[in-house]
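Colleague: Got a minute? I'd like to go through this one and ask how you back up each label.

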Amino acid sequence: MSEGNDKTKPTLIVNEGIEQPHTLNTESINQYRKKKIVRLNEPDYYIDGILAGDITILSKAITLIESSLSKHRETGQKVIDGCIGHSGNSLRIGITGVPGVGKSSFIETFGTYLTKNGNKVAVLAIDPSSQISGGSILGDKTRMEELSRNEMAFIRPSPSAGSLGGVARKTRETIILCEAAGFNIIIIETVGVGQSEIAVHSMVDFFLLLMLAGAGDELQGIKRGIMEMADMIAINKADGENIHKAKMAKVEYSNALHLYAPSESGWFPKVVTCSARTSAGLSDIWKLIKDFETLTRQNKFFELRRREQAKYWMYETLIESLKSEFFNDEKIKVLLPNFEKMVTNNNLSSFKAAAELIKVYKGE
Ligand code: GDP
């Protein structure tokens with residue numbers, strides 16, 4: 001019988017262990033571990049890492065901002081404070097459009113194009129769907145595979161928990177960290193299904209709306225207000241048999257946009273066709289975005305809009321913080337169900353109820 005068939009021998013051969021070298025100093029390893037933990041609570045650890053362009057540390061810092069633990073958020077705020085002086089040097093581009101229009105495909109191709117031109121691109125997302133459905137429209141697919149492997153790019157999915165206001169604030173803070181880490185183009189993506197476009201519009205310099213040609217009604221559920229906010233409409237999937245339809249849609253949308261009042265920026269919104277699949281039109285889009293930047297920097301609208309946005313976010317953060325403090329107040333939590341009952345049973349007016357609750361909150 002050959003050795004290989006000898007059933008009396010175990011199939012798994014266990015080698016004798018290697019003796020640990022005596023020089024291994026467990027004391028110093030423990031000290032190192034402790035130091036590392038201490039470092040993880042130090043804002044400087046994150047600030048230094050971010051300013052050095054360390055993506056892993058950038059990700060960890062964003063996690064702090066997104067955390068529900070107040071200790072983490074406190075450190076996160078200090079990191080933001082340390083980074084804010086190094087932020088602002090980017091072009092922030094918002095991208096929206098209905099599911100299926102090709103947002104992730106567009107960002108994949110456009111982002112790759114931008115990195116090839118020497119840009120560092122961060123892609124952030126605001127996904128309001130997770131709040132309603134518990135799932136996510138933007139996050140479920142394998143998205144932007146090529147870009148996610150690109151060293152010049154950083155992709156971060158939408159913060160998931162909390163109200164749209166909370167999610168948007170976290171994204172706004174994340175922009176600061178990404179800019180401090182050297183990303184000069186920040187793309188913020190959202191699904192064009194509601195309020196989230198307004199939130200994105202309030203944190204970007206340029207707002208791009210992706211549309212499709214001939215997909216049912218001409219506005220495809222995109223509200224008029226959203227079209228009015230757009231600095232550019234790009235009709236995507238202009239490839240193959242679709243090219244002709246896309247060109248026709250371009251004329252239609254250009255005519256529709258002419259009906260709107262001119263924007264304060266001095267920029268007249270452009271309508272273009274493009275294909276995320278073939279890359280057609282992407283260099284034109286980039287050229288137009290650069291034209292927009294040049295114009296609005298010259299006429300100071302760029303700066304003005306950013307200041308307005310900073311003010312807007314101060315108020316948004318104030319409102320959000322006050323709201324969350326109020327609803328997390330122990331006294332209020334106890335009283336609310338009763339007040340709700342009284343209001344729904346018509347035993348107390350909504351306004352009186354609110355006034356009473358505020359009094360309790362203020363301890364009056
Ligand atoms: P999103 O939901 O807006 O992010 O859309 P996706 O990027 O996931 O694209 C939806 C579908 O449209 C996918 O099957 C894509 O392959 C396809 N698609 C995206 N861009 C183009 C394009 O430019 N041309 C064509 N023909 N198909 C595209």
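Modeller: Sure, we'll take the sheet, then the helices, then the ligand, and keep in mind that the model is predicted.

Colleague: What makes β1 and β5 paired strands?

Modeller: The rule asks for at least two bridges between two strands. Four bridges join β1 (residues 91–97) to β5 (residues 206–212), so the pair qualifies. The two run parallel, and I95 stands opposite L208 in β5.

Colleague: Why are β3 and β7 described as standing at the edges?

Modeller: The open sheet has seven strands in the order β3-β2-β4-β1-β5-β6-β7, with parallel pairing. β3 (153–155) and β7 (270–273) each have a single partner strand, so one side of each lacks a neighbour in the sheet. On average, neighbouring strands are turned by 20° against each other, direction ignored.

Colleague: How do you know which way α8 and α11 run relative to the strands they lie across?

Modeller: Angles go from 0 to 180 degrees between N-to-C directions. Helix α8 (residues 164–180) lies across β1, β2, β3 and β4 and runs at about 175° to β2. Helix α11 (residues 242–258) lies across β5, β6 and β7, at about 175° to β7. Both values sit by the 180 end of the scale, so each helix points roughly opposite to the strand named.

Colleague: What makes K103, S104 and N236 polar contacts of the ligand?

Modeller: The cut-off is a pair of N or O atoms within 3.5 Å. A ligand oxygen lies 2.8 Å from a backbone N or O atom of K103, 2.9 Å from a side-chain N or O atom of S104, and 3.3 Å from a polar side-chain atom of N236. Those distances are within the limit, so the contacts count. The protein covers 75% of the 580 Å² of accessible area that the ligand has on its own.

Colleague: Which helix gives the largest share of the shell?

Modeller: Helix α5 (residues 103–116), with three residues. The shell divides into four nonpolar, six polar and five charged residues.

Technical notes. Residues numbered from 1 in each chain as written. Predicted model: local features only at pLDDT ≥ 70, side-chain atom pairs only at ≥ 80, totals over all residues. Heavy atoms only, no water. Contact = heavy atoms within 4.5 Å. Polar contact = N/O pair within 3.5 Å; in protein donor to acceptor, adjacent residues only side chain to side chain. Areas by Shrake-Rupley, 256 points an atom, 1.4 Å probe, with all protein chains shown as cover. Nonpolar A, V, L, I, M, F, W, Y, C, P; charged D, E, K, R; others polar.
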